[in-house]
Each structure stands twice: as C-alpha cells, then as structure tokens.
Amino acid sequence: MDVKKVTTKPRWQKPLLLLSALASLALLGSLWASPGYQHKIDRAGLLLAQVQRGDLQVSVDAYGVLRSDKQTLLTALTSATVQQVLLRPGAQVSADSVILQLSNPELLQEVEAAAMALSQEEANLKRLKLANQRERLAELSVQAELDANLQMVALRRNAEQQLVADGIVSSLTYQTTVLQQQQMQQRLDLQQQRLEQLGEVITQSEIIQQEQINQSRARYLTMQQRAERLTVRAGMAGVLQRLPVELGQSVAAGQELALVGSDKDLLALVRVSQSRAEQLQIGQAAQINTRRERVAAVVTRITPEVREGTIEVELAFTEGVPGSARPELNIDAQIFTAQLTDTLYLERPVNTQSHSSSRLFKVSDEGRVLSATDLQFGDDAGRFLQITSGAQQGDTFVLSDMATYREAELIQLQ
C-alpha cells in the first residue's frame, strides 16, 4: 500500500510576500504624493547664472561708426567725364594726391577765350593811356602858349604904363593892353580848369578800363580754376573714404566726386534709443568697442533730432585713437549714466529689458526642479540687470529662452 506524502511550504515565504506587497504600496504612495511634471528638460542645454550682490555701473548701449573729425568733400565745378581713376577708397593720400582726372574739351576752349579777352582788355588800357597822354600834352601846349601870350601882354602893359605918364602912348592904347591882359588871364584860368577836368576824365576812363580788365581776369581765373579742378586732388592728408564715380561716367556741376577724411582725428557717431535719451548728458564716460579692443571715451555732443526712434550721440576718445580704429568702422559703445552700490543683479536673460517684470525659472536647491518665479528688474548695466524684487543673492536662474514653457509652473531637470 502506497503512502501519500504531504509537502508543506516553508514558513518563511509568507513574510517575503508580505514585504513585497508593502514595498509596492510604499512606491505607489510615493508616486501618488510626488508632484506631476508635465515638462522635462536637459540641464546641459540651459544657460544658468546666479544672482550676485555688488556695485554696478548703469549704462546705455549704442551702435554706430567712426567718422573723421576733419573731412573734405570734393565736388565737380563743371560738367565733365571721368577720364582716369587713379586711387580707390581706403588709399592713404596727401594734400596733392591726384584721385581722378576729368575731361571737358569745351571748358578748355573757354579758358583760351577768356585768356584772349583778358589780353585784349589789357591792350585797350595801353591804347587808352597813350591817347590820354597825347590829349593832355596838347592841352598843356595850349596852356603854355596862353601863358606866354599873357606874359607878353603884361610886359607891354608895364612898358605903356610909363609911356602914358610921359604922354608918348595914348590912354586908349594903354587901356586896350590892360583889357587884353585881363582876357588872356581869363583864357589861362579856363585852360587850367580844362586841364584839371581833363585829368579827372583821364583818371576815370582808365579806372573804367581797369575794371574791364579785372572782370576779364576774374572770368579767366574762374575758367582756369575749373580747368585745374579737372585734376581732382585730395586737398588734405588722410584716407580716401568714398568714391561714388566710375571710369567713363559723366558728372554734373556740384556732383560729389570723393570724400577724404583724416585717419588721425576720429570720432564715434553712435545712435541711442529715444527712450534712453533722457539719461544722457554731455561729459558722461563711455567705452567704445572696435571689435578688437575697448577704449575709453566721453560724450561730447547729443543731437536733439529723433530719427527712426533713435538720436545721434558723438563720442570722443579720451586716451587717443586706438590702432584698430579706421574711418567708417562699425563699432558698439556703452555710455555710463549712473553708479549703483550694493545691489542685486543678474546677467541679462533673453528677451528681458530694464525696468520691467519678467517670469524666469529658478533652479531648486537640490538642482532637480525649475520653478517659475516673477522678478522685477531695475536699471540696465550692460550685460547685467539690477533686480529690485523677486530674488535673493545666490539664487540660480535660467537665462535661456523659455518661451515654450511659459505656461508651466514646474519643470523637471534631467
């Protein structure tokens, strides 16, 4: 007869099942108690920065170019054709450097005609002087003859005066001689007046002719100057900055030919947003960034005119023009408007402006969660913004663009 064996399970397996059940319940409880994260983000892809405390220089950002303080604009005095282009923009020039050679055959003909007209007027003056001299000599001859006749009549009168007393010459003859003397004196006086008037006429006629010569000379010099300006020279030492004409191009009178500026005396002309204009004052310190170096500067002029929402500000170098500076070089600048002491500040987050409120994500102390936090920002200090409320020193915030998560309150960091 077979005996049926009854196997019993070890008593230790039931406690193991109990422990497993308890662990499962604990895990479910923890998951039920933990917050739900709708978004997860990789920490490595975020730009983070800590809130700091210290002193800040409030600044206004600007952009613009370097311009020569001394410039010469070369224009055409007359219509012409560009015959030669000898220099191009960027070339170093002296005052006598030839930039362009223009051509105008008609102008050269006008110069010759003006020279001939001047020579003709000068010849007319010589002929006039000869004619005046001849006329004056003729009148002087008449005066001399009248003077001689007057002296002869005076001698006869003196002689007849003695003879009348002796009864040799009649009184009538003597009176006739006296009358002749008076008439001769009158004729001599009239001739003297005639000579004086003739002198004035001669002087005026020569003055008028000299004016004609001056007009002809002025026209000739003008034509000659225009002809000389067909050879376009720099006029000053510096750099050829602009050349808006090409070989063979026809240019009109007054048209720009070239712009020459000094490469030593440079200023920065920058534009600042109209909303920041009230913070600016002449004499404020600034810093110019030429992309290769940063150089100290000062505000020297602020224009009141608003153009496209900006105003123009002139900055002058305070420590000399740097070696990397060139005319028309694009530059950035910071104008320092105030000094903040012992304040909270943070590197500028993306799409955040001064004197505004913004919603940033703060990193939790454990570094595993991002929580949305409202911050109020104050003044602008270049790459930093002052924090007036919403954060404490040492808090870490995300500077990256988080517009995709603007509705989220919590984000899990991975």
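This briefing describes selected strands, a helix and a loop residue of the structure above. The model is predicted. It contains an open sheet of four antiparallel strands, and a helix, α2, whose 62 residues run from 105 to 166. A further set of antiparallel pairings involves strand β18, which is joined to β17, to β21 and to β19.

**The four-stranded open sheet**

- The strand order is β4-β11-β9-β6, and the pairing is antiparallel.
- Strands β4 (71-75) and β6 (92-93) lie at the edges with a single partner strand each, so one side of each has no neighbour in the sheet.
- Strand β9, residues 238-242, and strand β11, residues 256-261, are paired by three bridges in the antiparallel sense.
- Within this pairing, Arg 242 has Leu 259 of β11 as its bridge partner.

**Strand β18 and its partners**

- Strand β18 covers residues 369-381 and runs antiparallel to β17, residues 357-363, with seven bridges between the two.
- Ser 358 is placed opposite Leu 375 of β18.
- A hairpin is formed by β17 and β18 with five residues between them, and Gly 367 in its turn has a positive phi of about 75 degrees.
- Four bridges connect β18 with the antiparallel strand β19, residues 384-389; Asp 380 has Leu 385 in β19 as its bridge partner.
- The hairpin of β18 and β19 has two residues between the strands, and Gly 382 adopts a positive phi near 75 degrees there.
- Strand β21, residues 410-413, is also antiparallel to β18 and is joined to it by three bridges; Val 369 stands opposite Gln 412 of β21.

**Helix α2**

- At 1.5 Å a residue, the 62 residues of α2 should span 92 Å, and the distance of 93 Å between the end C-alpha atoms agrees with this.
- At the start of α2, a side-chain oxygen of Asn 104 comes to within 3.2 Å of the backbone nitrogen of Glu 106.
- Just after the helix, Gly 167 has a positive phi of about 80 degrees.

**Lys 264 in the loop after β11**

- Lys 264 is located in the loop between β11 and β12 (266-273).
- The relative accessible area of Lys 264 is 60%, and the residue is therefore exposed, the cut-off being over 50%.
- Lys 264 and Val 239 are separated by 25 residues in sequence, and their C-alpha atoms are 9.6 Å apart in space.

Key
Residues are numbered from 1 along each chain as its sequence is written. This is a predicted model: local features need pLDDT of at least 70, side-chain atom pairs count only at pLDDT 80 or more; totals for chains, interfaces and linings use all residues. Side-chain values use heavy atoms; hydrogens and water are left out. Two strands pair if DSSP finds at least two bridges between them. The expected span of a helix is 1.5 Å times one less than its number of residues. A polar contact is a pair of N or O atoms within 3.5 Å; within protein, one must be able to donate a hydrogen and the other to accept it, and residues adjacent in sequence count only if both atoms are side-chain atoms. Buried means under 20% relative accessible area, exposed over 50%, partly exposed in between (1.4 Å probe, protein chains only).
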